[in-house]
Amino acid sequence: MEGFIFKPLLYCYMFFGVIAPAKHNVKAFHPIHVSTCNIEYNSKDNKLEVICTIFTDDFEAALAKQYHANTDLNKPEMHAAMDALIKQYVAANLNIKTDNAPAKLNYLGFEINREAVDIYLESDKIPAVKKVDVDVSLVYNLFDDQINIVHIIVNGVRKSEKVNYPEKRVEQVF
């Protein structure tokens, strides 16, 4: 029975994949547009540690559209220029408040992790956290179906929330 069902599917994949290959674009590779922001309060250092993960091709396109610049996050010779663009973009599209006070985020750098880019940020020292407000609009300038998933961890307690375009606000109380 399995052979009966899977052989026609195999022939369809072979026909459409080899004889009539599809043209690939950004949506063909990953039709879902999503990023994640992991925000963790480090009680030893009294700092927020933030890692934002975005599909590399989407993020390069968002940077190029925003700043009208050539972007390539994989080229070592462009690393300094990309650092400057990323720092500016993230400052404009990610804002965090702890207990109603803005947290100053310091850009630490980025690295490519397979098909995604990880962006590292760290806050200045802040007192113990009871409430975290996040405004996130990463890649909203490119896709109107963008989803940003925000994970916030304080004292080992993790709370997560999905934010759909055009919404931006996440608020968690610990």
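## Two cysteines face to face

Let's start in the middle of a strand pair: Cys37, in β1, stands opposite Cys52 in β2. Keep in mind that you're looking at a predicted model. Two cysteines facing each other make an obvious puzzle, so here goes: why is there no bond between Cys37 and Cys52? The sulfur of Cys52 is 3.1 Å from the closest cysteine sulfur, the one in Cys37, and that is too far for a bond, because a disulfide needs the two sulfur atoms within 2.5 Å. A search of the whole structure comes up with 0 disulfides. For Cys37, the nearest cysteine sulfur is that of Cys52, and Cys37 is in no disulfide. Are these two cysteines buried or exposed? Cys37 counts as buried because its relative accessibility is 0%. Cys52 is buried too, with a relative accessible area of 1%.

Now follow the strands that carry this pair. β1 covers residues 34–42, and β2 covers residues 47–55. The two pair in the antiparallel sense over 8 bridges. They make a hairpin with 4 residues between the strands, and in that hairpin Asn46 takes a positive phi near 55 degrees. β1 has another partner as well: with strand β8 (residues 147–154) it pairs in the parallel sense over 7 bridges. There, Ser35 stands opposite Asn148 in β8.

Step back a little from β1 and you reach Ile32, in the loop between α2 (26–29) and β1. Its relative accessible area is 46%, so Ile32 counts as partly exposed. Which residues does Ile32 touch, if you skip those up to four places away in sequence? They are Phe55 and Ile147. Ile147 is a nice example of how a chain folds back on itself: Ile32 and Ile147 are 115 residues apart in sequence, yet their C-alpha atoms are 8.2 Å apart in space. For the protein overall, take the contacts with a separation of 6 or more: 57% of them are between residues 24 or more positions apart.

Next up is helix α3, which runs over residues 56–67 and has 12 residues. From its first C-alpha to its last it reaches 16 Å, close to the 16 Å expected at 1.5 Å a residue. Its buried residues are Thr56, Asp58, Phe59, Glu60, Ala62 and Leu63. To read a list like that, it helps to know that an α-helix has 3.6 residues a turn, so residues three or four places apart point the same way. Just after α3, His68 takes a positive phi of about 50 degrees.

Phe59 from that helix turns up again in the largest nonpolar core, which has 39 residues. Phe59 is among the residues with the most contacts inside this core, along with Ile86, Leu94, Ile96, Ile119 and Val134. Helix α4 (residues 79–93) gives the most to the core, with 5 residues. Ile96 is a good one to click on. Leaving out residues up to four places away in sequence, Ile96 touches Ile39, Leu48, Val50, Ala101, Pro102, Ala103, Leu105, Val132, Asp133 and Val134.

On to strand β3, residues 94–98, where you'll find Thr98. Thr98 is buried, as its relative accessible area is 7%. With the same skip of sequence neighbours up to four places away, Thr98 touches Leu48, Ile126, Val129, Lys131 and Val132. Leu48 is also on the list for Ile96.

β3 belongs to an open sheet of 4 strands in the order β4-β3-β7-β10, with antiparallel pairing. Which strands stand at the edges? They are β4 (101–102) and β10 (169–173); each has a single partner strand, so one side of each is left without a neighbour in the sheet. For β4, look at its pairing with β3, which is antiparallel over 2 bridges. In that pairing, Lys97 stands opposite Pro102 in β4.

Finally, zoom out. The secondary structure of the protein comes to 4 helices and 10 strands. From the N terminus on, the elements run α-α-β-β-α-α-β-β-β-β-β-β-β-β. The protein has 174 residues, and 36% of them count as buried; Cys37 and Cys52, where we began, are buried too. The accessible surface comes to about 10,500 Å², and 56% of that belongs to carbon and sulfur atoms.

Conventions: Residues are numbered from 1 along each chain as its sequence is written. This is a predicted model: local features need pLDDT of at least 70, side-chain atom pairs count only at pLDDT 80 or more; totals for chains, interfaces and linings use all residues. Side-chain values use heavy atoms; hydrogens and water are left out. Buried means under 20% relative accessible area, exposed over 50%, partly exposed in between (1.4 Å probe, protein chains only). The expected span of a helix is 1.5 Å times one less than its number of residues. Contact means heavy atoms within 4.5 Å. Two strands pair if DSSP finds at least two bridges between them. Accessible areas come from the Shrake-Rupley method with a 1.4 Å probe; for residues, only the protein chains shown count as cover. A nonpolar core is a set of buried Ala, Val, Leu, Ile, Met, Phe, Trp, Tyr and Cys residues joined through side-chain atoms within 4.5 Å.
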